[in-house]
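Subject: Handing over a structure, with notes

Dear colleague,

I am passing on a structure that you have not worked with before, and my notes on what was found in it follow below. Please have the sequence and the model open beside you as you read.

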Amino acid sequence: MLSSASDSRCFLYTCPSCGETFRLNYSTLYHQMEDLIMIYLVSESEVAETYDLFYGEHAMADFRTEKYLNRIVTSANQLVEKIQIFDAGKDDRIMELVKLLVADSILKNDPDKEFDELCFAVDNDGTNILVIINKGEITGAVDIDNMYEFASSHSDDFKDLRDDEDIVINQEWILNKLSENENE
């Protein structure tokens with residue numbers, strides 16, 4: 001899907017007998033030690049249990065004092081996207097806001113445009129983009145540098161990235177966050 005070396009091909013297996021390729025679904029911990037980042041890929045049913053590994057009574061370590069950036073994701077595409085977001089020096093919470101803005105803009109400008117997801121990537125010339133994906137195929141891309149800067153300048157209520165105990169950052173998270181802000 002994405003053109004970087006860190007893509008989801010590591011989750012594909014090709015049978016040496018029949019040649020069929022299929023996706024392996026297994027939990028994976030991505031640990032980028034030099035940047036104190038851990039991203040855990042788990043199934044949807046394992047999210048709560050995994051959260052306890054990070055912040056529960058019997059956590060692996062006290063990541064709050066070590067200022068680790070922890071995330072839990074539920075798909076290989078989300079894992080690759082988080083890695084690319086952090087490698088680009090961006091905040092994934094703001095990126096979720098940008099995705100909402102872009103989705104809204106796409107639907108206003110082209111109401112018939114179909115897409116399943118928007119995914120952060122960096123194109124070959126270093127521009128930050130959201131890739132538009134429909135039925136597993138890339139159908140377009142949107143340059144988001146200006147929109148990211150705009151969203152970032154209007155997101156004063158987010159805690160410091162490494163102090164935030166919210167570690168499942170996705171579309172549902174940003175919608176809940178915006179709803180909380182409306183109710184305050």
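I begin with one of the pockets: the lining of the second largest pocket is made up, by class, of five nonpolar, five polar and six charged residues. Please keep in mind throughout that this is a predicted model.

The space in this second largest pocket comes to about 320 Å³. It is lined by 16 residues, and those closest to its centre are Val168, Asn170, Glu172, Trp173 and Asn176. Two elements, H1 and helix H6 (171-183), each give two or more residues to this lining, and H6 makes the greatest contribution, with six residues.

The largest pocket holds about 380 Å³ of space. Its lining consists of 21 residues, and Glu96, Lys99, Glu117, Leu118 and Gln171 are the ones that lie nearest the centre. The elements that supply two or more residues to it are S5, helix H3 (76-87), helix H4 (92-109) and strand S6 (117-122). Sorted by class, the lining of the largest pocket has nine nonpolar, six polar and six charged residues.

Turning to the protein as a whole, there are six helices and eight strands, and, when read along the sequence, they follow the pattern β-β-β-β-α-α-β-α-α-β-β-β-α-α. The protein has 184 residues, of which 38% count as buried. Among the contacts with a separation of 6 or more, 53% are made by residues that are 24 or more positions apart.

The first sheet I would look at is an open one of three strands, in the order S3-S4-S5, and its pairing is mixed. S3 and S5 stand at its edges, each with a single partner strand, so one side of each has no neighbour in the sheet. From one strand to the next, the twist averages 15°.

On one side of this sheet, strand S3 (residues 28-32) and S4 run antiparallel and are joined by five bridges. Within this pairing, tyrosine 30 has isoleucine 39 of S4 as its bridge partner, while glutamine 32 stands opposite isoleucine 37 in S4. The hairpin of S3 and S4 has four residues between the strands, and in it leucine 36 takes a positive phi near 55°. With strand S5 (residues 69-73), by contrast, S4 pairs in the parallel sense, again over five bridges, and here methionine 38 is found opposite asparagine 70 in S5.

Why can strand S4 be called largely enclosed by the rest of the structure? All the residues of S4 (residues 37-41), five of the five, are buried, so the strand is largely enclosed in this sense. In a regular strand the side chains alternate between the two faces of the sheet. In S4, Ile37, Ile39 and Leu41 point one way, whereas Met38 and Tyr40 point the other way, and all of them are buried. Helix H1 (residues 47-55) lies across S4 and S5, and runs at about 170° to S5.

A second open sheet is formed by three strands in the order S6-S7-S8, and in this case the pairing is antiparallel. Its edge strands are S6 and strand S8 (137-143), each of which pairs on one side only. Neighbouring strands of this sheet are turned against each other by 30° on average, with direction ignored. S6 and strand S7 (residues 128-134) run antiparallel and are joined by six bridges, and leucine 118 stands opposite isoleucine 132 in S7.

One residue deserves a separate note, namely valine 98, which lies in helix H4. Is valine 98 buried or exposed? Its relative accessible area is 0%, so valine 98 counts as buried. Apart from its neighbours within four places in sequence, valine 98 is in contact with Leu130, Ile144, Met147, Tyr148 and Ala151. Phenylalanine 150 is 52 residues away from valine 98 along the chain, and the C-alpha atoms of the two are separated by 9.0 Å.

With best wishes

Methods. Residues are numbered from 1 along each chain as its sequence is written. This is a predicted model: local features need pLDDT of at least 70, side-chain atom pairs count only at pLDDT 80 or more; totals for chains, interfaces and linings use all residues. Side-chain values use heavy atoms; hydrogens and water are left out. Buried means under 20% relative accessible area, exposed over 50%, partly exposed in between (1.4 Å probe, protein chains only). Two strands pair if DSSP finds at least two bridges between them. Axes are lines fitted to C-alpha atoms, for helices over the stretch in contact, and angles run from 0 to 180 degrees between N-to-C directions. Contact means heavy atoms within 4.5 Å. On a 1 Å grid over the protein atoms alone, a cavity is a set of points where a 1.4 Å probe fits but cannot get out, and a pocket is an open set with protein on both sides within 12 Å along at least five of seven lines; lining residues have an atom within 4 Å of a point. Grid points are joined across faces, edges and corners, and a volume is the space filled by probe spheres set on the points. Ala, Val, Leu, Ile, Met, Phe, Trp, Tyr, Cys and Pro count as nonpolar, Asp, Glu, Lys and Arg as charged, and the others, Gly among them, as polar.
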